[in-house]
Amino acid sequence: MKVEDLNKCAGSTDWNVLYWVLGTILMPVALPLALFNIWQRFRAQKYRNQLPGKVVLITGASSGVGEALAHVFYSAGCKVILAARRTLELERVKKDLLALDLEPAYPPTVLGLDLAELNTIPDFVTRVLGVYNQVDILINNGGISVRADVASTAVDVDLKIMVVNYFGSVALTKALLPSMLKRKSGHICFISSVQGKFAIPQRAAYSASKHAMQAFADSLRSEVASKNINVSTVSPGYVRTQLSLNALTGTGKSYGKMDDSTAKGMSPDKLAERILKCILRNEPDILVSDVQAKVAYYLRHLCPSLFFWIMAKRALKLEKAEKKTG
């Protein structure tokens with residue numbers, strides 16, 4: 001045997017030892033994770049087969065993520081109820097769904113809803129339950145954003161953001177919850193934001209409303225877990241919608257601009273598919289974002305001092321940019 005052959009054997013032995021060590025250490029972790037993933041996929045497929053005929057109520061369904069969700073659940077054979085302030089846009093979405101010409105399919109239902117009018121929500125739920133007598137999946141998606149620093153934001157704007165984004169969804173959930181409890185069945189999904197996990201400059205009111213939504217969902221989840229009602233919170237990063245165009249300024253006027261970060265965000269269709277998967281898998285809380293937002297999330301909790309320093313620099317940069325354009 002040549003020396004080169006001995007070296008090859010030695011090298012091979014080293015690799016075998018390395019593989020054995022890695023396998024011994026990682027297998028106890030990797031195998032359960034793989035089995036759990038397979039189980040989740042099986043469960044999701046099983047529930048997907050049960051989706052046709054499910055009643056799904058989607059708020060904020062007139063555009064953006066809500067419109068994309070309408071397409072995803074309608075294509076899955078669900079009975080979708082579309083809710084938003086702009087009923088003409090809802091009719092457009094309904095027309096687009098019917099044009100898909102799916103078989104079998106249930107004609108979408110359009111209902112006007114203003115989340116800022118809290119006193120009208122109980123009557124709205126009565127109308128909703130009058131359509132199919134139940135709601136299997138509630139998706140709290142409606143909301144508005146803000147583009148202003150704390151000092152220049154009127155309290156009325158803070159109130160409006162909180163009412164629409166938080167209290168509106170809370171009121172709707174509370175009005176619909178008794179029917180789910182009676183049937184011992186249902187799934188409530190809150191579309192939050194990564195800014196419900198950590199706050200950034202010039203989004204104080206918006207972030208506060210999403211933090212409140214996160215806390216409400218976490219408490220609700222624990223309370224209804226034993227009653228066969230599931231609660232999911234979805235926290236996406238920037239999504240390519242009209243959210244920034246429809247955002248409010250500190251005085252309550254329309255912001256009317258498309259942010260670069262929003263324009264470069266993920267597509268609402270991609271997010272809608274991920275939300276469907278979240279519901280099918282009964283995932284309690286998911287973060288759907290790019291790497292940058294995920295790093296910020298972990299920094300906020302693991303190294304808060306560094307996170308705060310970065311946010312202070314970002315606030316200063318935004319302030320300088322505003323002075324130049326102003």
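Helix H5, residues 155–183, holds 29 residues and runs 41 Å from its first C-alpha to its last. That is close to the 42 Å expected at 1.5 Å a residue. The model is predicted. Three topics follow: helix H5, the largest pocket and Ser193.

**Helix H5**
- H5 carries a kink of about 40°. The kink is centred on Val163.
- Lys184 sits just after H5 and has a positive phi of about 55°.

**The largest pocket**
- The largest pocket encloses about 1000 Å³ of space.
- Its lining counts 45 residues, and the closest to the pocket centre are Asn141, Gly142, Gly143, Ile144 and Leu243.
- Four elements each give two or more residues to this lining: helix H2 (64–75), strand S2 (79–84), H5 and H6.
- H2 supplies the largest share of the lining, with three residues.

**Ser193**
- Ser193 lies in the loop between strand S5 (186–191) and helix H6 (204–224).
- Ser193 counts as buried because its relative accessibility is 5%, and the cut-off for buried is under 20%.
- The Ser193 side chain reaches the backbone nitrogen of Gln195 at 3.0 Å.
- Beyond its neighbours within four places in sequence, Ser193 is in contact with Tyr206, Lys210, Val234, Ser235 and Pro236.

How values were computed: Residues are numbered from 1 along each chain as its sequence is written. This is a predicted model: local features need pLDDT of at least 70, side-chain atom pairs count only at pLDDT 80 or more; totals for chains, interfaces and linings use all residues. Side-chain values use heavy atoms; hydrogens and water are left out. Buried means under 20% relative accessible area, exposed over 50%, partly exposed in between (1.4 Å probe, protein chains only). A polar contact is a pair of N or O atoms within 3.5 Å; within protein, one must be able to donate a hydrogen and the other to accept it, and residues adjacent in sequence count only if both atoms are side-chain atoms. Contact means heavy atoms within 4.5 Å. The expected span of a helix is 1.5 Å times one less than its number of residues. The bend at a residue is the angle between axes fitted to the seven residues ending there and the seven starting there. On a 1 Å grid over the protein atoms alone, a cavity is a set of points where a 1.4 Å probe fits but cannot get out, and a pocket is an open set with protein on both sides within 12 Å along at least five of seven lines; lining residues have an atom within 4 Å of a point. Grid points are joined across faces, edges and corners, and a volume is the space filled by probe spheres set on the points.
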